[in-house]
Amino acid sequence: MELKITCIPGDGIGPEIVSEAKKVLDAVAKKYGHTMNYTDILMGGASIDAYGVPLTDEAIQTARDADAVLMGSIGGNTTTSPWYKLPPNLRPEAGLLALRKALNLFANLRPAVLYEELAEACPLKEEISSAGFDMLIMRELTGGLYFGERKTIEENGVMKAIDTLTYDENEIRRIAIKGFDIAMKRRKKVTSVDKANVLDSSRLWRKVVEEVAKDYPEVTLEHMLVDNCAMQLVKDPAQFDVILTENMFGDILSDEASMVTGSIGMLASASLNDTKFGLYEPSHGSAPDIAGKDIANPIATVLSAAMMLRYSFDLDREADAIEAAVKKVLQDGYRTVDIMSEGCTQVGCRQMGDLLAERIGL
């Protein structure tokens, strides 16, 4: 199979971690008989330095022409970088927002996995962390409160701010379908999170999700109020498989879930549109303070590449091989500095990529 992938190395440690992800993908291609065709584009600070804008129209078109996009990290130090003296629409992160809009990336996927080998990094009690967990938060990315009408007015001499939370049934249905489709590739359980006891938008959300669920009889559906979900994430995270929710709730819950894993350097993410196309990137930032030092952890980007194989190319066997390689490296006691613990062997970014590539298909 030929895989056409646009790569965005980005800023900071981005080029280093994308390089190692490519190394692992190339090992997959060799093992399973695929061809990887990469095309690099600039985005973020790198694009600002080269072209004066965080994302060019040509770069957007190159991304559109690919089957998927694999990204490192963008941005720099917000207090010292000259990029952040520019107007907001010309700063590095504006490029990512523009790309999401241009590619209609409405579904955000944030896995939160606690590996047995990293359980000691989990901030939860041992009786909770010992059970492990493997969940995926499916967040609607282009609607809701963040994209509704907003204004600030003065009324009777008092300042008043108004933000509008709006969803229509089509926006809810398409994210629900994505959630159930992905649950079919996992443990076949969806927890739909809302605030249906208060919000009309949540009542519509629940109604449409229940309609979609009828087309997936193998998937178990449960509803959970968002406040309860926030509590359950720290009380019993092992109960969750796919958490399906709207934009603001997903923003908050995905950050909570990432923290209970204890290591953001291990967390992948994806943003999908209504086809198989997706943008895959680590959840962490560009870490400009360690860029070029060969100490970054590439595992989140490598796991993002595994998600790309699974969700954009339906190559589940190959995705499983990458995830198994990550687990094997951890079992063998290799760690980058951010996840280092006593008795393990510390390695750099490049060596971690080599170790992962060596274990593909073992």
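Tutor: In what follows, Ala, Val, Leu, Ile, Met, Phe, Trp, Tyr, Cys and Pro count as nonpolar, Asp, Glu, Lys and Arg as charged, and the others, Gly among them, as polar. This is a predicted model, in which local features need pLDDT of at least 70 and side-chain atom pairs pLDDT 80 or more, while totals for chains, interfaces and linings use all residues. Residues are numbered from 1 along each chain, and side-chain values use heavy atoms, without hydrogens and water.

Student: How many cavities of 30 Å³ or more are there?

Tutor: A cavity is a set of points on a 1 Å grid over the protein atoms alone where a 1.4 Å probe fits but cannot get out. Its volume is the space filled by probe spheres set on the points, joined across faces, edges and corners. The largest has about 60 Å³ and the second largest about 30 Å³; the count is two.

Student: Which helix supplies the largest share of the lining of the largest cavity?

Tutor: Lining residues have an atom within 4 Å of a point; here they include W205, E246 and F249. They divide into six nonpolar, three polar and two charged. Among DSSP runs (helices: H or I, at least four residues; strands: E, at least two; numbered from the N terminus), β8 (189-194) and α7 (200-213) each give at least two residues. The largest share, three residues, comes from α7.

Student: How many charged residues line the second largest cavity?

Tutor: V113, L114, Y115, L118, T261, S263 and M266 form this lining. Five are nonpolar and two polar, and the number charged is no residue at all: none.

Student: Which are the edge strands of the open sheet of 10 strands?

Tutor: Two strands pair if DSSP finds at least two bridges between them. The order is β2-β1-β3-β12-β11-β4-β5-β10-β8-β9, with mixed pairing. Pairing on one side only marks the edge strands, β2 (35-40) and β9 (220-225).

Key: On a 1 Å grid over the protein atoms alone, a cavity is a set of points where a 1.4 Å probe fits but cannot get out, and a pocket is an open set with protein on both sides within 12 Å along at least five of seven lines; lining residues have an atom within 4 Å of a point.
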